[in-house]
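Biologist: Before we discuss particular residues, I should like to see the model and to learn how its descriptive terms are justified.

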Amino acid sequence: MKLQGVELRRIAMPLVAPFRTSFGVEHNRDVLVLRVVTDDGEGWGECVALSDPRYSSEYVDAAADVLRRYLIPALAALPHLDAPSVAPALRQFRGHRMAKAALETAVLDAELRARGRSFARELGAVRDRVPCGVSVGIMSDLGELLEAVGGYLDAGYVRIKLKIQPGWDVEPVRAVRERFGDDVLLQVDANTAYTVADARHLARLDPFDLLLIEQPLDEEDVLGHAELARRLTTPVCLDESITSAKAAADAITLGACSIVNVKPGRVGGYLEARRVHDVCTAHGVPVWCGGMLETGLGRAANVALAALPGFTLPGDTSASDRYYRTDITDPFVLDDGHLPVPAGPGVGVTPHPDRLAAVTTSTEWLPLAD
């Protein structure tokens, strides 16, 4: 393929309810959507960077800037463009994995649409539907939390993840266990809110038979996670620390985790996400697919990834209505706790022009053809 142009589109997606984690509260998603046009067709990609650099060092304005100034021109200079050539072409630029992932996804989508192949087939999916968990934010009180968890269980979600932080950890878990029982698949996510000095306190979660505790320490503290893993019976899962297949292999070798959360945007794209999956599978480490409040575009690709054989735990691939009243694509609807894996060409979904226009705040077309 030859790249002819790229559209950078900003959209504003209001959440159905505020989503609170240890690093802040989200009320709206400021999303950067890419549309690449090649001589073979077009493809779509979604950048999962948040509006500010709290979950990671990346944020939407910076992603748009690095794409415009560096990443897109680097691809335009390639004599032949395909998805596997994207990462090598962009390696000269440090970091910015979420921006790189969005661009690679759009190129891969365009390539697969032109070939009539699906993301699921290309990545190596072995299932046509995937089990879905849901992430429950930090609430104002236990009553609100229990009402929310009850609603998600009634909706059919097969796993509950509770966001935690100091002061909101043991008691919320205890309350959920007491109300809904030990059979509920339950895990917690700290988003780096603790230190190794909190190990004794975090060990108070051990009696609740959690699936895992996700990213309790700072993303750079891999050795601290290894120490914490030795002091807890609850399995330690890494999220923010896993930025590549190599990072996953290193963390596993050091004993820093026994489970890995795979987020394609965080590792630089779906091809690297597949390599993370392969490394973990080779080490006997289960993986699951994390979420970043994606629209239907990102959700479709995540569901395809979650259908790979090593994804043995339910991911954060929730239905569209978990976050948005109206999605920009056909909505993903929960069916008996599962979502179907899109089988159409590329990611298998396309934004509805009217829905996309209704939430668009700006567009920029970057022509690249000679």
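Modeller: Helices and strands here are DSSP runs, numbered from the N terminus. The model itself is predicted. Asp141 sits in the loop between strand S5 (133-136) and helix H5 (142-155).

Biologist: Why is Asp141 called partly exposed?

Modeller: The relative accessible area of Asp141 is 38%. Buried requires under 20% and exposed requires over 50%, so Asp141, at 38%, is partly exposed.

Biologist: What makes the approach of the Asp141 side chain to the backbone nitrogen of Glu144 a polar contact?

Modeller: A polar atom of the Asp141 side chain lies 2.7 Å from that nitrogen of Glu144. The cut-off for a pair of N or O atoms is 3.5 Å, and 2.7 Å is within 3.5 Å, so the distance criterion is met.

Biologist: How do you know that the span of helix H3 is close to the expected value?

Modeller: Helix H3 (residues 97-115) has 19 residues and reaches 26 Å from its first C-alpha to its last, against 27 Å expected at 1.5 Å a residue. Gly116, which follows H3, has a positive phi, near 75 degrees.

Biologist: Why is H3 described as largely enclosed by the rest of the structure?

Modeller: Of its 19 residues, 15 are buried, so the description of H3 as largely enclosed follows. One buried residue is Glu111, because its relative accessible area of 7% is under 20%.

Biologist: What makes Glu111 and Arg115 a salt bridge?

Modeller: Their closest N and O atoms are 3.0 Å apart. The limit between a side-chain nitrogen of Lys or Arg and a carboxyl oxygen of Asp or Glu is 4 Å, so the pair Glu111 and Arg115 qualifies. Both residues lie in helix H3, 4 residues apart, about one turn of the helix.

Biologist: Why is Glu272 called buried, and why is Arg275 called partly exposed?

Modeller: Glu272 has a relative accessible area of 16%, which is under 20%, so Glu272 is buried. Arg275, at 38%, falls between the limits of 20% and 50% and therefore counts as partly exposed. These two residues form a salt bridge, with the closest N and O atoms 2.7 Å apart. They are 3 residues apart in helix H11 (residues 270-282), and so about one helical turn separates them.

Biologist: What makes the pair Glu7 and Arg35 a link between distant parts of the chain?

Modeller: The side chains of Glu7 and Arg35 meet in a salt bridge (3.5 Å, N to O). Glu7 belongs to strand S1 (residues 3-21) and Arg35 to strand S2 (residues 24-38), 28 residues apart. Both Glu7 and Arg35 are buried.

Methods
Residues numbered from 1 in each chain as written. Predicted model: local features only at pLDDT ≥ 70, side-chain atom pairs only at ≥ 80, totals over all residues. Heavy atoms only, no water. Helix = DSSP H or I, 4+ residues; strand = E, 2+ residues; numbered from the N terminus. Buried < 20%, exposed > 50% of the residue type's maximum accessible area, 1.4 Å probe, protein only. Polar contact = N/O pair within 3.5 Å; in protein donor to acceptor, adjacent residues only side chain to side chain. Expected span 1.5 Å × (residues − 1).
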